[in-house]
Amino acid sequence: MTSQTCEKIKVFGRIRPSKENNVQGVVAIDGSTIVINLGSEPRKFQFDGIYGEDSLQDEVFEGAASRIVNGTLQGYNGTIFAYGQTGSGKTHTMIGPSISFDNHSGIIPRGLQLLFEELNKKANSMPGNFTSNVSISFVEIYNENIFDLFVMSNDKLKIGQGSDGNVVVKGASEVFVKDLNDAMEVVMKGWESRRVAETAMNRSSSRSHALLMIKIHTVESHGEISTSRSAFLNMVDLAGSERVSQSKVEGERLKETANINKSLHNLTLVIRELSEDKKNGFVPFRNSVLTHILKDSLGGNARTAVMINLHPDKIYYSETLSTLNFSAEVR
Ligand code: ADP
Ligand code: MG
């Protein structure tokens with residue numbers, strides 16, 4: 001590892017459009033704070049950037065994600081999480097209405113586009129002296145089990161160690177992609193199997209984390225010296241954070257809820273521990289599958305952002321407050 005250190009994790013807020021016409025929402029933006037107010041004492045939460053109901057997908061990408069994508073070409077691992085209750089706009093933010101290129105495209109298609117643009121620019125600026133390799137893995141974490149989204153199967157994958165001691169998901173497909181179109185096709189395929197697994201395999205997508213891992217390897221030569229760099233770009237559509245009351249559910253739902261609570265809680269602990277820059281502090285990466293897989297990306301040379309997705313409507317007040325409390329814990 002080089003002398004570069006882990007930088008502070010950035011926490012962004014995004015408020016989706018209201019569903020209640022002509023009803024005043026319970027959240028408002030005041031500079032770099034989100035204020036939540038339901039008659040009682042208003043409460044304020046600080047963010048590194050806030051995107052309102054009318055925010056555009058390109059603004060969100062430019063402000064919250066582009067720096068992380070660019071960082072991967074300098075050797076920084078990048079991770080972007082979308083957090084929020086089901087229906088708050090996580091998938092809209094990460095993917096958009098469909099996996100395609102238009103004004104509505106989310107962070108994943110825009111991120112891939114920027115990545116290949118930058119790789120092509122570099123290759124053109126030093127003909128013959130720059131090569132790159134990009135590969136994609138796409139897994140789903142459901143009930144603390146890992147499933148490959150490139151293989152339609154209910155086989156559970158295990159976490160193991162790679163040749164250089166790094167964390168790997170053993171047996172997860174790693175698909176090499178040569179350009180943007182190739183990459184989009186591969187991501188689309190994984191996303192589609194997530195949808196199919198929902199009915200075919202009974203893996204509820206709002207109750208699972210989707211984890212897209214893009215590995216970027218570059219080699220740059222200057223005369224006799226060549227520099228090789230590797231980084232991961234991870235984009236994570238988290239399971240819905242809603243606090244399903246444990247007394248009201250049983251069987252599979254109870255298990256799902258317990259696993260999501262555990263996983264999101266451990267994510268909070270890991271991010272807090274990393275943010276506090278305690279050099280010898282214990283970071284509980286291995287206490288949940290999500291943080292274990294992301295251990296190397298979050299803990300090393302890293303740029304990390306969390307997008308907190310919020311509903312402005314009054315009926316979601318209590319979930320929204322709980323989501324904002326999460327944002328305060330990780331920031
Ligand atoms: P989640 O993934 O958190 O469950 P979705 O992204 O699926 O939520 O959003 C739920 C619905 O709201 C979708 O129909 C989506 O298109 C819409 N939506 C969410 N955020 C926005 C936004 N910022 N602008 C327009 N529509 C949005
Ligand atoms: Mg979703």
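**Exercise 1. Is Pro97 buried or exposed?** Place it in the chain, then list its contacts.

Solution. The model is a predicted one.
- Step 1: Pro97 sits in the loop between α2 (90–94) and α3.
- Step 2: its relative accessible area is 61%. The cut-off for exposed is over 50%, so Pro97 is exposed.
- Step 3: leaving out residues up to four places away in sequence, Pro97 touches His92 and His104.
- Step 4: take a distance across the model. Pro97 and Ile271 are 174 residues apart along the chain, and 29 Å separates their C-alpha atoms.

**Exercise 2. Describe the setting of Met307.** Give its element, its burial and its contacts.

Solution.
- Step 1: the element is strand β14 (residues 302–310).
- Step 2: Met307 has a relative accessible area of 1%. Buried means under 20%, so Met307 is buried.
- Step 3: look for partners far along the chain. Ile80 is 227 residues from Met307 in sequence, yet their C-alpha atoms are 7.4 Å apart in space.
- Step 4: list contacts, not counting residues up to four places away in sequence. Met307 touches Phe12, Gly13, Arg14, Tyr51, Val60, Ala64, Phe81, Ala82, Tyr83 and Thr93.

**Exercise 3. Which residues touch the most other members of the largest nonpolar core?** Then find the element that gives the largest share.

Solution.
- Step 1: the largest nonpolar core has 44 residues, and Phe81, Leu211 and Leu290 touch the most other members.
- Step 2: helix α5 (residues 251–275) supplies the largest share of this core, with 6 residues.
- Step 3: another core lies apart from it, with 43 residues, among them Val60, Ile99, Ile108 and Met307.
- Step 4: turn to Phe81. Neighbours within four places aside, its contacts are Val236, Leu238, Leu267, Leu290, Leu294, Leu298, Thr304, Ala305, Val306 and Met307.
- Step 5: set this against the general rule. In soluble globular proteins, nonpolar side chains tend to be buried together.

**Exercise 4. Work out how α1 packs against α3.** Use angle, handedness and contact residues.

Solution.
- Step 1: helix α1 (residues 57–72) meets helix α3 (residues 107–125) at about 45°, and the axes are 9 Å apart.
- Step 2: α1 and α3 are therefore oblique to each other.
- Step 3: their crossing is right-handed.
- Step 4: α1 brings Gln57, Asp58, Val60, Phe61, Ala65, Ser66, Val69, Asn70 and Thr72 to the contact, and α3 brings Ile107, Arg110, Gly111, Leu114, Leu115 and Glu118.
- Step 5: by class, the contact of α1 with α3 holds 7 nonpolar, 5 polar and 3 charged residues.

**Exercise 5. Repeat the analysis for α5 and α8.**

Solution.
- Step 1: α5 and helix α8 (residues 317–330) pack at about 30°, with axes 8 Å apart.
- Step 2: angles under 35 degrees count as roughly parallel, so α5 and α8 are roughly parallel to each other.
- Step 3: the contact uses Leu264, Thr268, Ile271, Arg272 and Ser275 of α5, with Phe326, Glu329 and Val330 of α8.
- Step 4: those residues divide into 4 nonpolar, 2 polar and 2 charged.

**Exercise 6. Examine the backbone at Glu144 and Asn202.** Give phi, loop and burial for each.

Solution.
- Step 1: most residues other than glycine have a negative phi.
- Step 2: Glu144 has a positive phi, near 65°. Asn202 also has a positive phi, near 65°.
- Step 3: Glu144 lies in the loop between β7 (130–142) and β8 (145–148). Asn202 lies in the loop between α4 (180–200) and β12 (209–222).
- Step 4: Glu144 counts as buried at 15% relative accessibility, whereas Asn202 counts as exposed at 59%.

Note on methods. Residues are numbered from 1 along each chain as its sequence is written. Chains are lettered from A and ligands numbered from 1 in the order in which they are written. This is a predicted model: local features need pLDDT of at least 70, side-chain atom pairs count only at pLDDT 80 or more; totals for chains, interfaces and linings use all residues. Side-chain values use heavy atoms; hydrogens and water are left out. A nonpolar core is a set of buried Ala, Val, Leu, Ile, Met, Phe, Trp, Tyr and Cys residues joined through side-chain atoms within 4.5 Å. Buried means under 20% relative accessible area, exposed over 50%, partly exposed in between (1.4 Å probe, protein chains only). Helices (H or I, at least four residues) and strands (E, at least two) are DSSP runs, numbered from the N terminus. Contact means heavy atoms within 4.5 Å. Axes are lines fitted to C-alpha atoms, for helices over the stretch in contact, and angles run from 0 to 180 degrees between N-to-C directions. Angles under 35 degrees count as roughly parallel, over 145 as roughly antiparallel, 65 to 115 as roughly perpendicular and the rest as oblique. A crossing is left-handed if the near helix is turned anticlockwise from the far one by less than a right angle, and right-handed if clockwise. Ala, Val, Leu, Ile, Met, Phe, Trp, Tyr, Cys and Pro count as nonpolar, Asp, Glu, Lys and Arg as charged, and the others, Gly among them, as polar.
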